[in-house]
Amino acid sequence: MTSSDIRVGVDIGGTFTDLVTISDGTLDVTKTSSTPEAPEDGVTDGLEQTREKTGVQFEDVDFFAHGTTVATNAVLEEDWADTALVTTGGFRDVLEIGRQARPDIYDFQTEKPATVVPRNHRYEIPERLDERGDVSTPLDEAAARDVAAQLVDADISSVAISLLFSYENDEHERRIQEILEAEGVDASFSLSSEVLPEIREYERTLTTALNAALKPVMDRYLGNLETQIADLGIRPDLEIMQSNGGIITADIARTRPVNTLLSGPAAGVQGASYVAGLAGIENLITMDMGGTSCDVSLVEGGDPMVATDVEVGAYPVNVPMIDIHTVGAGGGSIAWIDDGDALRVGPRSAGADPGPICYGRGGTSPTITDAQLLLGRLNPDAFLSDDLSVDVNRVEEIFERELADPLGKSVEAAAQGVLDVANASMERALRVVSVERGYDPRDFGLVAFGGAGPLHATTLAAELDIPRVLIPRTAGVLSALGLLISDILYDYSTSRVRNWEGVEPSDLQATFDEFVANGREQLANENLDESQMQFERSVDLRYAGQSFELSVPIPDGPLDSQTKATIRDRFHTKHRQRYGHAYDDEPIELVTLRTRARGVVETPNLRQDTNTGDVADAIVEERPVQFDGEVRDTRVYRREQLPPAGSFTGPAIVEGAESTVVVRPEQSVEVDEYGSLIVEVHS
C-alpha cells in the first residue's frame with residue numbers, strides 16, 4: 001500500500017463497535033456504542049465520529065473490512081429465516097437424531113438444541129448414491145416436482161439440499177435445484193456439495209441447513225450496510241472476515257454466511273499473530289478478555305490453529321474455523337457464593353448496563369473489574385469516561401456484604417480471591433489449547449488484548465512459566481486492526497474415504513490441481529496477481545477404525561510415492577504429539593483432501609511515531625497496589641508517553657486509553673518500535 005491509502009477496519013462487539021483507520025501511516029481508533037437492533041447503524045455512527053475527529057475523506061478510502069456477529073447472534077438467538085430441507089429418502093430426521101454425544105453424560109434433563117428446520121419443512125426424495133458416488137437408485141424427478149409444488153405453497157425463503165454421499169458426486173443435488181427452480185420455487189439454495197462436501201451426515205446436513213437459514217439474514221444486513229457506507233461516499237467493495245481468519249468479499253459472504261460464525265474473534269487472533277510477528281514471536285497463545293468472556297487460541301509458526309469440529313452455541317459446524325476456546329470469565333463476570341460456601345466467579349455477567357458496581361450505573365453484583373479496583377490496579381479517576389463516576393465506598397460495602405463477611409475474610413482478601421478464581425478458570429483454558437494438545441506453554445509467548453486481558457496476563461504467564469507477554473498498542477481494538485492485515489482466504493475440500501496405501505498419487509494430484517485452479521480463478525477475480533497467490537495443501541488422515549482424523553500438511557511439489565511416504569510419517573508424528581502414542585504399523589485411511597488459496601495482502605506500517613522523551617516522563621503517580629496480599633508502592637505510567645526502546649521494571653501499572661496493564665514485581669518491560677509492551681516474566 002502507498003502512504004496515501006486509507007484503510008478502515010470495523011469490528012462489532014456486544015458493547016462497542018470498534019473502528020481502526022490507517023491513513024498516511026497514522027493509526028486512529030474510534031469506539032462507539034453498538035446498536036444490536038440495527039448493527040449497521042453503529043458502524044455509520046463510528047464512521048461519522050472518525051471523520052469529525054480526523055478529517056478523513058470517505059471518498060479516499062481504498063479498503064473497507066468488517067468483522068460481524070450477525071450470523072453468530074442469529075444462531076445463538078435462533079433467529080434465522082424459515083428454511084426447508086430436501087434430503088435422501090429415509091434421512092428426513094437426521095437433524096433431529098443428531099449424535100449420541102451429550103454435553104454432560106450425567107445430566108438426564110439435558111435438552112437438544114432447536115432443530116434448524118422443523119419437521120413439516122423437511123422433504124424426502126427417492127434417490128441413492130453409494131459410498132463411491134455411483135448411482136444405486138436413480139433420482140425420482142417426479143417426486144422432486146411434487147416437493148417443488150409443496151414448497152411453492154410453503155412460507156419459506158431458503159432451501160437446503162443435502163443428499164447421501166453427495167461429496168462423491170453432486171449431480172443429484174444440482175438436478176434437484178434445477179427442478180425446484182424450474183417449478184417456480186422462489187428461494188435461495190444451499191447445496192451440501194458446495195457448503196461442506198465432507199463426510200458425517202449429521203454435521204454436513206446441519207451445516208448446510210444453518211447456511212441456508214442464515215443466507216437471508218446476512219443478505220439483508222450486508223445490503224443495509226453497503227447502502228449506508230455508499231451514502232457516506234465509501235466506494236471500495238465491502239470485505240468480510242471469515243471464521244478461518246481470512247477475508248472474503250461481501251458477495252461470497254452472502255452465499256456462505258456459515259463461514260462467518262467466528263468472524264470477530266478470528267480477526268482478534270489474526271491481529272495478535274501479526275503484532276507478535278513484528279516482535280519476532282511466532283509461537284504464541286492469544287488471550288482476548290472482554291466484558292463477558294475470555295477467548296484463547298494457539299498460534300504455531302505464525303499460523304493460527306484451524307479446526308473443522310467447532311461448536312457454535314449447541315451446533316457443531318464443520319467448516320474451517322480458527323480453534324478458539326472460550327470460558328465465561330470477563331471483566332463483568334459476577335462473583336458469588338454457592339450452596340457449599342465456596343467462592344465462584346461467572347459465568348453470569350453484569351454486562352455493560354448496569355455493568356460492574358464501579359461503573360456507577362446501578363450495578364449491585366461484585367465483579368472482576370470491581371476486584372481489580374479494590375486492589376489498586378485500576379484508577380477510579382481514570383478508567384471510565386467523563387460521564388461516569390466511581391463510588392469506591394459503595395464497591396467496598398457490597399463486596400463486604402456479598403463476599404467478605406460470608407467468607408470470613410477482609411474486603412481485600414475477598415477481592416484477591418475473586419481474581420484467583422477467575423485466573424484459575426483462564427489458566428485451565430490456556431492449558432486446553434496448549435498442554436492438552438501436546439504443546440509446552442514454555443515454548444510460547446502470551447499475547448493479551450481486549451479491555452481486561454492485560455490486567456491478568458502477567459499473572460497467568462507466571463503460573464504457566466510462559467517466558468514473555470506481549471500487550472499490543474491497540475489491545476482494546478485488536479480485532480478491528482486484525483481486519484486490516486488479514487490475507488484473502490478460500491478453502492476447498494472434498495472427502496474421499498480410501499485406504500491410504502491404495503490411493504494413487506495421480507488421483508491426489510488431480511484433485512489438488514482442480515482446487516488450485518479454482519482458487520487461482522477466484523483470487524484473480526479479486527484483482528490479485530500471481531505473485532500474491534499461495535496454495536497450501538493438506539490431507540485429513542486417521543488409523544483404520546478411528547472416528548476422527550488429523551490434518552497433515554503436504555510438501556510442495558508434485559505428488560509421488562515418496563511424497564505419500566512423507567505424509568504418512570508426518571501423520572504418525574502428529575498423532576504421537578497430540579495423543580502421546582502412534583501405531584506405525586497400523587493401516588491408515590485418507591478421509592478428506594484440502595487446499596487453501598491465499599491472496600497475500602500488503603500490510604500497513606504500524607511503527608509508532610518517534611517519541612524522544614524519557615520513560616520517567618511517562619510516570620503520572622505512585623500508589624499502593626496489592627500483589628498476593630502484600631501492598632507495594634507502585635509506579636503508574638501513561639502508556640501514550642512511553643518511548644520506543646524504553647524499559648522499566650515492576651511492580652508497575654500502565655494506563656492506556658483502552659486498557660490497563662499490570663506488571664508484577666520482578667518482571668521487566670520493554671517498549672518495542674511498534675508501541676507494544678513486551679513483559680519478561682520471572683517466576
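**Exercise 1. Describe the open sheet that contains S29, S30, S32 and S33, and find its edges.**

Solution. Begin with the order: in this predicted model, four strands make up an open sheet that reads S29-S30-S32-S33, with mixed pairing. Next, look at the two ends of that order. Strand S29 (619-627) and strand S33 (660-663) are the edge strands; each has a single partner strand, so one side of each has no neighbour in the sheet. Then check the twist: on average, neighbouring strands of this sheet are turned by 25° against each other, direction ignored.

Now step inside the sheet. Strand S30 (residues 630-638) and strand S32 (residues 652-655) run parallel and are joined by four bridges. To place the two strands side by side, use Val 636, which stands opposite Ile 653 in S32.

**Exercise 2. Locate Arg 377, decide whether this residue is buried or exposed, and list what it touches.**

Solution. Start with the chain: Arg 377 sits in the loop between helix H10 (368-374) and helix H11 (392-407). Now take the accessibility. The relative accessible area of Arg 377 is 4%, and the cut-off for buried is under 20%, so Arg 377 is buried.

Next, go through the contacts, leaving aside residues up to four places away in sequence. Arg 377 touches Gln 372, Gln 416, Leu 419, Leu 455, Arg 623, Val 625, Gln 626, Phe 627, Ile 653, Thr 660 and Val 662. Ile 653 is the residue that stands opposite Val 636. Finally, compare sequence with space for one of these contacts: Arg 377 and Phe 627 are separated by 250 residues in sequence, yet their C-alpha atoms are 9.5 Å apart.

**Exercise 3. Asp 295 is a buried residue; work out which partners its side chain has.**

Solution. First find the residue: Asp 295 belongs to strand S14 (residues 294-300). Then search for opposite charge. The nearest such side chain is that of Arg 437, 12 Å away. A salt bridge needs the atoms within 4 Å, and Asp 295 has none.

Now turn to polar contacts: the side chain of Asp 295 makes one with the side chain of Thr 326, at 2.7 Å. To complete the surroundings, again without residues up to four places away in sequence, Asp 295 touches Pro 265, Thr 286, Met 287, Asp 288, Ile 324, His 325 and Thr 326.

**Exercise 4. Examine the salt bridges Arg 122 with Asp 93 and Glu 530 with Arg 520, and describe the setting of each pair.**

Solution. Take Arg 122 and Asp 93 to begin with: their side chains meet in a salt bridge of 3.0 Å, N to O. This pair links distant parts of the chain, with Arg 122 in strand S6 (residues 122-125) and Asp 93 in the loop between strand S5 (83-88) and helix H3 (94-97), 29 residues apart. Arg 122 is buried at 2% relative accessibility, whereas Asp 93 is partly exposed at 24%.

Move on to Glu 530 and Arg 520, whose salt bridge spans 2.9 Å, N to O. Glu 530 lies in the loop between helix H15 (505-525) and strand S26 (533-543), while Arg 520 is in helix H15, 10 residues apart. Both are partly exposed: Glu 530 has a relative accessible area of 47%, and Arg 520 has 32%.

To finish, widen the view. Glu 141, Arg 145, Arg 175, Glu 178 and Glu 183 are joined in a network of salt bridges, and the count for the model comes to 39 salt bridges.

Terms used. Residues are numbered from 1 along each chain as its sequence is written. This is a predicted model: local features need pLDDT of at least 70, side-chain atom pairs count only at pLDDT 80 or more; totals for chains, interfaces and linings use all residues. Side-chain values use heavy atoms; hydrogens and water are left out. Buried means under 20% relative accessible area, exposed over 50%, partly exposed in between (1.4 Å probe, protein chains only). Two strands pair if DSSP finds at least two bridges between them. Axes are lines fitted to C-alpha atoms, for helices over the stretch in contact, and angles run from 0 to 180 degrees between N-to-C directions. Contact means heavy atoms within 4.5 Å. Lys and Arg count as positive and Asp and Glu as negative; His and the chain ends are not counted. A polar contact is a pair of N or O atoms within 3.5 Å; within protein, one must be able to donate a hydrogen and the other to accept it, and residues adjacent in sequence count only if both atoms are side-chain atoms.
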